[in-house]
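Me: Could you take a close look at one part of this model for me, the cavity inside it? I'd like to know what lines it and how it sits in the rest of the chain.

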Amino acid sequence: MAQRAVAISPASPAMLRLGGAAALLVAALILAPLAAVLWRAGGAGWPGPADWAALRFTLLQASLSAILSAAFAIPVARALARRRFAGRAALITLMGAPFILPVIVAIAGLLTIFGRNGLVNSALGALGLPPIDIFGLHGVLLAHVFFNLPLAVRLLLEGWRAIPAEHFRLAAQLDLSPATIFRTLEYPMLRARLPGICAVIFAICLSSFATVLILGGGPAATNVELAIYQAFTFDFDLGRAAVLSALQLILVAAAAVLALILAGNGTAAPGLDRLVQRWDGAGGLRLWDAAVLTLATAFMALPIALVLGRGAASVLGLPVSIWMAAGVSLLVALASAAISVLLALALALPRRRRFEAVGLMTLAASPLVLGTGLFLLIRPFTFPGNHVLAITALVNAAMALPFVLRSLSPEIRQIEATYGRLSDSLGLSGWHRFRWLLLPRLRRPIGFATGLAAALSMGDLGVIALFPPPEAATLPLEIYRLLGAYRTEAAAGASLVLTALSFGLFLLFDRMGRHADT
């Protein structure tokens with residue numbers, strides 16, 4: 001027990017110093033590389049016509065991706081909210097898979113169906129019809145909807161769950177039609193939540209890189225992130241890259257602020273937390289919901305199943321370089337996850353919004369500019385080519401930091417709100433507070449956050465594509481090279497390995513956290 005009365009403070013000075021140091025480190029990681037690129041460029045001019053075209057395409061594809069993802073998510077989420085069936089929980093779990101699925105694997109799956117030699121074009125050729133071309137704006141939109149439709153469904157499903165069961169029971173007693181139930185109960189929820197969901201997807205699609213790199217299809221389908229990559233690799237125009245990076249930083253930051261503002265409008269109505277029962281889905285609506293869920297499941301599962309099925313036949317014949325790249329990716333992913341979780345803990349423990357806001361800033365930064373700036377910063381001291389993997393791990397950790405931070409910060413605030421006063425009265429502070437109060441209750445979210453960061457790093461194709469090492473390539477880079485060489489069978493086998501490792505890392509750390517929590 002404490003020997004005297006103690007003040008109940010939100011955070012100890014040691015935690016505040018730790019959070020301040022972490023915030024300064026993250027801010028330096030974002031701003032110092034950008035400053036190095038600007039300094040090396042000797043100043044930067046006004047964006048040119050190609051830059052404004054990239055900006056217009058970025059805004060167009062992000063807006064359309066958000067609208068299409070949200071629009072298609074409404075009937076899928078409504079069907080899941082209205083139905084109870086065997087496998088429903090597994091289907092909802094599947095909705096989270098594309099978020100940690102390596103982008104390069106998903107694109108390979110989409111090419112298996114919609115590519116030049118894919119299933120769709122093979123069927124069209126058999127019917128004597130002209131083939132379709134997946135490359136361009138429509139290909140980018142298809143991939144973005146594939147990635148963001150499940151996110152929108154999960155967010156909307158939470159909105160349907162927030163409608164009290166008593167409201168649906170009353171609607172059934174009044175014998176309201178499905179259209180009236182939608183107008184009086186569901187539409188107000190959608191009106192409150194859809195703007196925030198669209199803003200989140202819009203912000204995510206603004207900085208898309210690998211999708212546009214592979215499916216963009218030329219200058220007419222180049223976004224700002226791809227324009228930064230081209231400025232580095234083709235022209236080594238650091239000034240243009242810096243201007244584009246600053247422009248993207250402003251765009252994504254504004255979209256993130258808008259998403260935070262709009263996401264706060266969907267407050268739940270009061271209820272008794274009873275299980276929701278629906279009586280408005282008989283007849284043709286049952287067939288409609290079944291068709292919607294079948295199409296959504298096929299859209300999400302078929303591309304991955306095909307590429308993994310093709311990969312199973314060739315995985316044993318993969319060259320040694322693929323397995324070496326898998327080992328390199330594992331090391332980079334583990335290092336990146338450790339850095340990201342440690343930074344997130346340091347930022348979240350003081351429970352200061354300004355520290356967390358700094359951590360969320362990395363979502364608006366360009367990983368290509370971060371990587372190039374770090375190369376320029378260490379160049380006077382050592383040869384940057386010897387540190388490509390370390391720089392990749394550091395940049396990947398920064399890119400995963402916002403997601404890790406959002407996994408840990410609410411849990412820390414809840415623990416402190418519940419047990420903080422008792423801990424203060426016992427005189428627990430600093431390391432002892434973390435060891436005995438926070439860590440035992442954070443093992444589950446730490447396991448989840450570590451697995452998420454490792455999976456995201458495992459499948460990343462960013463900095464490593466800008467400065468590819470001659471010998472120690474990562475697995476996503478090897479798959480990108482195989483796709484570029486039209487070695488689709490080998491690419492499918494490598495995609496199977498990458499998917500297994502990504503999901504394996506996530507499940508391993510998540511289960512470790514759950515096991516420690518029991």
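Reply: Let's settle one term before anything else: a residue is called buried when its relative accessible area is under 20%. Keep in mind that this is a predicted model. With that cut-off, 50% of the 518 residues in the chain come out as buried. The fold is built from 21 helices and zero strands. Contacts reach far along the sequence too: among those with a separation of 6 or more, 83% join residues 24 or more positions apart. On the outside, the chain exposes about 23900 Å², and 68% of that comes from carbon and sulfur atoms.

Now for the part you asked about. There are three cavities of 30 Å³ or more, and the largest has a volume of about 890 Å³. Its lining is made of 35 residues, with Val103, Ile204, Ser207, Leu456 and Asp460 closest to the centre. Several helices give the largest cavity at least two lining residues each, namely α4 (97–100), α7 (137–162), α9 (178–206), α10 (210–215), α16 (367–378), α17 (388–425) and α18 (430–458). As for chemistry, the lining of this largest cavity splits into 23 nonpolar, 10 polar and two charged residues.

It helps to set an open site beside that closed one. The second largest pocket holds about 560 Å³ of space. Lining this pocket are 19 residues, and nearest its centre you'll find Leu111, Phe135, Leu483, Tyr486 and Thr488. Two or more residues of that lining come from each of α5 (103–114), α10, α13 (284–314), α20 (475–484) and α21. Helix α10 is thus a name you'll meet in both places, since it also supplies at least two residues to the largest cavity. By class, the pocket lining has 11 nonpolar, six polar and two charged residues.

One residue on α21 is worth a stop while you're there. Aspartate 510 sits in that helix, which runs over residues 488–517. Aspartate 510 counts as buried because its relative accessible area is 11%, and the cut-off is under 20%. Which residues does aspartate 510 touch, leaving aside neighbours within four places in sequence? Those contacts are with Gly447 and Phe448. Right by them in the numbering is alanine 449, whose C-alpha lies 7.9 Å from that of aspartate 510, although the two are 61 residues apart in sequence. As for where that stretch belongs, α18 covers 430–458 and is one of the helices that help line the largest cavity.

Key: Residues are numbered from 1 along each chain as its sequence is written. This is a predicted model: local features need pLDDT of at least 70, side-chain atom pairs count only at pLDDT 80 or more; totals for chains, interfaces and linings use all residues. Side-chain values use heavy atoms; hydrogens and water are left out. Helices (H or I, at least four residues) and strands (E, at least two) are DSSP runs, numbered from the N terminus. Buried means under 20% relative accessible area, exposed over 50%, partly exposed in between (1.4 Å probe, protein chains only). Contact means heavy atoms within 4.5 Å. Accessible areas come from the Shrake-Rupley method with a 1.4 Å probe; for residues, only the protein chains shown count as cover. On a 1 Å grid over the protein atoms alone, a cavity is a set of points where a 1.4 Å probe fits but cannot get out, and a pocket is an open set with protein on both sides within 12 Å along at least five of seven lines; lining residues have an atom within 4 Å of a point. Grid points are joined across faces, edges and corners, and a volume is the space filled by probe spheres set on the points. Ala, Val, Leu, Ile, Met, Phe, Trp, Tyr, Cys and Pro count as nonpolar, Asp, Glu, Lys and Arg as charged, and the others, Gly among them, as polar.
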